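Dear colleague,

I am passing the structure below on to you, together with some notes on what turned up in it. Please keep the coordinates open while you read.

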Amino acid sequence: MKLKTRLLVSFLMIIFVPLTLGIVTLVGVSMLKLAEIEARFGIDLSHLTPEDKSSAVGFILVLIIILSITAVILSSWIYNTISAPILRLSKATRSIRDGNLDFTLKPEGSPEMRELCEDFEEMRKRLKQANEESARYDQQNRELISNISHDLKTPITAIKGYVEGIQDGVADTPEKMEKYIRTISNKANEMDHLINELAFYSKIDTNRIPYNFNRVSVREFFNDAADELRLELEQKNIRFTYNCQVAEGVEVIADAEQIRRVINNIVSNSVKYMDKSEKCISLTITDEDTDIQVALEDNGKGIAAKDLGHIFDRFYRTDSSRHSTQGGSGIGLSIVRKIVEDHGGRAWASSREGEGTVMYFVLRKYEENV
């Protein structure tokens with residue numbers, strides 16, 4: 001039996017059962033002789049006229065009609081405030097069961113039912129968001145596997161080619177042998193970097209980056225980092241300049257190893273997209289009141305305005321084609337943003353197509369508590 005029918009029957013029973021008992025009692029009484037009633041109860045009914053009796057019957061009928069209408073109205077009201085929202089909730093539940101989350105449940109009915117509908121709608125939104133995030137996460141993982149597979153294949157193919165050249169005797173002079181071995185070593189290092197990047201990404205994904213925060217001298221740290229970069233970039237025929245405008249004694253609270261990773265990821269990204277005959281990268285450190293700002297500038301091909309706001313997103317590649325020779329998994333700059341934000345800073349970029357790009361990040365200064 002449906003709820004509406006049960007409500008109507010319940011009200012009718014509540015109203016009509018006592019009423020019926022009363023009517024039966026009245027009929028039974030009317031069947032007794034008035035004299036017996038007067039004698040038994042000491043009531044004088046002689047003054048009642050037939051019109052009075054007829055009026056009493058009419059009153060009872062009117063009462064029955066009023067109670068019936070009241071029962072119907074109350075049943076309809078309760079049905080509309082309780083049953084209808086429950087039916088909508090039931091329909092919404094079936095939609096979720098069938099995997100359909102593209103609907104909206106409007107809160108209607110009594111305050112309690114409206115609150116229930118609002119809670120249900122909030123649950124639907126969160127489920128939809130979770131499903132979308134799960135689908136996006138799966139897509140990103142597929143892209144990561146595809147990117148890493150492509151980028152590992154390139155150095156592996158080169159290593160195989162140079163090894164076969166050595167086996168076939170193509171490297172028949174010490175100079176050629178040294179060149180082949182150096183190329184194999186470089187390609188192996190590329191593979192090692194990609195694998196380390198993937199391993200570090202897995203730690204980001206589970207929020208298990210092993211930070212070791214300490215007080216770090218800004219000038220000492222970036223002077224050492226600049227020396228390392230200069231040696232590395234000179235081997236690639238890239239001119240490197242360094243300018244530190246921070247006073248002695250200024251410190252930050254940071255994980256030195258992870259900040260080096262940030263710098264190396266930014267520089268690696270710059271090197272991939274350099275297209276000038278004279279390649280340049282500069283590192284500038286400035287004091288910005290409560291922060292230390294780091295700027296790494298290159299004279300590469302730049303980044304389009306439509307891509308600039310997305311370069312720190314996971315797996316985002318300004319070159320969406322997999323025919324790109326630069327490679328890259330698309331997670332290097334997302335690692336940069338994650339590490340910098342975990343240090344309480346932020347990372348951003350400015351760029352002009354054809355001229356170059358500047359990558360910025362800031363770190364909070366260490367200040368003694370007075």
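The notes below take up a helix pair, the nonpolar cores and one arginine in turn.

Please bear in mind throughout that this is a predicted model.

Helix α6, which covers residues 218–234, packs against helix α7, residues 256–272, at an angle of about 35° and with the two axes 11 Å apart, and the crossing of this pair is right-handed. On the α6 side the contact is made by F221, F222, D224, A225, E228, L229 and L233, which meet A256, I259, R260, I263, N264, V267 and V271 of α7; by character, these residues divide into 10 nonpolar, 1 polar and 3 charged.

I263 also appears in the largest nonpolar core, which has 44 residues and in which I263, L283, I285 and F361 touch the most other members. The helix that gives the most to this core is α6, with 7 residues. Leaving aside residues up to four places away in sequence, I263 touches F221, F222, A225 and L229, and also L296 and F361. A second core, separate from this one, has 7 residues, among them A92, M113, C117 and F120.

The arginine is R124, found in helix α4, residues 111–167. Its relative accessible area is 6%, which falls under the 20% cut-off, and R124 therefore counts as buried. A polar atom of the R124 side chain lies 2.6 Å from the backbone oxygen of L101, and the backbone oxygen of F103 lies 2.8 Å from a polar atom of that side chain. Beyond residues up to four places away in sequence, R124 touches L101, F103 and T104.

With best regards

Note on methods:
Residues are numbered from 1 along each chain as its sequence is written. This is a predicted model: local features need pLDDT of at least 70, side-chain atom pairs count only at pLDDT 80 or more; totals for chains, interfaces and linings use all residues. Side-chain values use heavy atoms; hydrogens and water are left out. Axes are lines fitted to C-alpha atoms, for helices over the stretch in contact, and angles run from 0 to 180 degrees between N-to-C directions. Helices (H or I, at least four residues) and strands (E, at least two) are DSSP runs, numbered from the N terminus. A crossing is left-handed if the near helix is turned anticlockwise from the far one by less than a right angle, and right-handed if clockwise. Contact means heavy atoms within 4.5 Å. Ala, Val, Leu, Ile, Met, Phe, Trp, Tyr, Cys and Pro count as nonpolar, Asp, Glu, Lys and Arg as charged, and the others, Gly among them, as polar. Buried means under 20% relative accessible area, exposed over 50%, partly exposed in between (1.4 Å probe, protein chains only). A polar contact is a pair of N or O atoms within 3.5 Å; within protein, one must be able to donate a hydrogen and the other to accept it, and residues adjacent in sequence count only if both atoms are side-chain atoms. A nonpolar core is a set of buried Ala, Val, Leu, Ile, Met, Phe, Trp, Tyr and Cys residues joined through side-chain atoms within 4.5 Å.
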